[in-house]
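Q: Could you walk me through this fold, starting with the overall picture and then going into some of the details?

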Amino acid sequence: MRRSIALHDVVLYLRGQLNTRLSQVLNAGTRAPRVVPPPLGEVIRGGRTPLALSRLLEGRSNPDREAAVASYLDARGIPFALHPFASSEGAGQNFSVDLGSGSRVLLLVAHHDAVPGSPGANDNAAAVGILLNLLERLATAPPSKVRLRFLFTAAEERGYLGARHYARGANLAELAGVLSLELCGIGDSVAIWDVSDETPFLGQVRRALDGIGLRSDESYHVVGRIPMFGSDHRAFAPAGVPAYGFTLVPSAQAEALRQFVFSPVRSALRHLIRRPVPFDTYHTARDSGSTLEPAALATALRALEAVIAEVA
Ligand SMILES: [Zn+2]
């Protein structure tokens with residue numbers, strides 16, 4: 001068991017290294033206009049929509065993105081816990097905010113880092129904006145039967161490093177389920193992915209999405225294990241926690257996306273070939289806020305609210 005966990009870590013480390021180095025090289029010569037982020041204070045005092053809040057991070061360096069999350073929570077008077085980590089693989093800071101009461105925990109995750117050379121708007125500033133909006137919405141009437149934990153992780157792009165550190169120190173037995181928000185700013189249908197089998201939590205997610213009028217295989221998709229992509233939920237899944245990716249995709253691209261993500265060769269060559277939306281900007285200098293769709297963010301928010309109501 002120990003050995004297989006160590007091997008799992010090595011694989012994720014190598015994958016993180018490849019992610020970072022490849023993006024550095026490929027984004028170095030890009031001609032996309034550089035995103036100049038607005039002053040942080042302006043964003044903190046500004047709007048509360050997920051799109052407005054995504055500007056806390058978009059176009060900033062990873063240390064600045066990390067600091068921006070803490071500054072925002074501080075400024076809004078939202079109590080949060082710090083989870084710093086440092087290892088030979090890298091260092092960073094996760095932040096968590098708990099809402100509600102109950103013995104079970106629903107964990108919603110969004111990473112705050114980006115790959116080098118990318119403004120990181122859809123990956124993953126949009127998701128952070130969604131969770132920050134959601135937590136303020138729910139703060140006035142927190143759930144009483146389940147605790148919600150909002151986790152903002154560092155170094156996802158380095159093989160889920162922040163999430164792996166968090167998972168190592170967490171009480172995983174109390175987790176009812178984990179959703180990791182990734183690429184939530186473009187598209188009109190919800191994808192729940194990396195599903196390997198039916199679980200009670202998956203049943204709740206399906207009921208929630210059905211309940212708000214989304215239709216299976218049309219406006220939401222439950223998808224199996226995706227070979228070349230991943231997100232922070234993979235730090236929890238090996239321990240047997242029901243943990244899935246949560247992403248928005250354009251339904252018009254459903255077939256092209258399916259072919260793309262389920263073909264390991266195409267996915268591996270993703271930097272070189274023409275890719276379907278939203279992978280056309282993924283990990284590139286073109287992943288700017290101008291590509292984000294307010295309707296996609298609103299759909300993600302509505303879906304998450306429904307899941308919370310179903311679990312609570
Ligand atoms: Zn990401």
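A: What follows goes from the whole chain to the sheet, then to one helix and one residue, and the model is a predicted one.

Q: What does the secondary structure of the protein come to?
A: The secondary structure comes to 10 helices and eight strands.

Q: And what radius of gyration does the protein have, against that of a compact globule?
A: For 312 residues a compact globule would have a radius of gyration near 20 Å, and the protein has 18 Å, which agrees. Along the principal axes, the C-alpha trace spans about 50 × 45 × 45 Å.

Q: How many of the residues count as buried?
A: Of the 312 residues, 48% count as buried. As for contacts with a separation of 6 or more, 83% of them are accounted for by residues 24 or more positions apart.

Q: Now the sheet: what is the order of the strands?
A: The eight strands make an open sheet in the order β1-β2-β4-β3-β5-β8-β6-β7, and the pairing is mixed. The edge strands are β1 (81-87) and β7, each of which pairs on one side only. From one strand to the next, the twist averages 20°.

Q: Starting at the β1 edge, do β1 and β2 pair in the parallel or antiparallel sense?
A: Antiparallel, with seven bridges between β1 and β2, the latter covering residues 90-99. A hairpin of two residues joins β1 to β2, and Ala86 has Ala91 in β2 as its bridge partner.

Q: Then how many bridges are there between β2 and β4?
A: There are five, and β2 and β4 (residues 147-153) again pair in the antiparallel sense. Within this pairing, Phe95 stands opposite Phe152 of β4.

Q: Which way do β5 and β8 run, parallel or antiparallel?
A: Strands β5 and β8 (residues 243-249) run parallel and are joined by four bridges, with Ser180 opposite Gly245 in β8.

Q: Changing topic to α7, what should the helix span, and what is the distance between its ends?
A: Helix α7 has 12 residues (200-211), which at 1.5 Å a residue should span 16 Å, and the C-alpha atoms at its ends are 16 Å apart, which agrees.

Q: Which residues of α7 are buried?
A: The buried ones are Phe201, Gln204, Val205, Ala208 and Leu209. Around the axis they cover an arc of only 130°, which puts them on the same side of α7. That fits the general rule that an α-helix has 3.6 residues a turn, so residues three or four places apart point the same way.

Q: What do those buried residues pack against?
A: They pack against three strands and a helix, namely β5 (175-181), β6 (189-193), β7 (220-222) and α10 (294-311).

Q: And which exposed residues sit on the face turned away?
A: That face of α7 carries Pro200, Gly203 and Gly211, which are exposed. Just after the helix, Gly213 takes a positive phi of about 90°.

Q: One last residue: where does Gln24 lie?
A: Gln24 lies in helix α1, which covers residues 2-28.

Q: Why does Gln24 count as exposed?
A: Gln24 has 12 other C-beta atoms within 10 Å, and a residue is exposed if that number is 12 or fewer, so Gln24 falls right at the cut-off.

Q: What does Gln24 touch further along the chain?
A: Leaving aside residues up to four places away in sequence, Gln24 touches Pro116 and Gly117. In addition, the C-alpha atoms of Gln24 and Val115 are separated by 7.7 Å, although these two residues are 91 residues apart along the chain.

Definitions and conventions
Residues numbered from 1 in each chain as written. Predicted model: local features only at pLDDT ≥ 70, side-chain atom pairs only at ≥ 80, totals over all residues. Expected span 1.5 Å × (residues − 1). Buried ≥ 20, exposed ≤ 12 C-beta atoms within 10 Å, placed from the backbone. Arc of directions from axis to C-beta. Contact = placed C-beta atoms within 7 Å. Pairing = 2+ DSSP bridges. Axes fitted to C-alpha atoms, helices over the stretch in contact; angles between N-to-C directions. Rg over C-alpha atoms; globule rule 2.2 N^0.38 Å.
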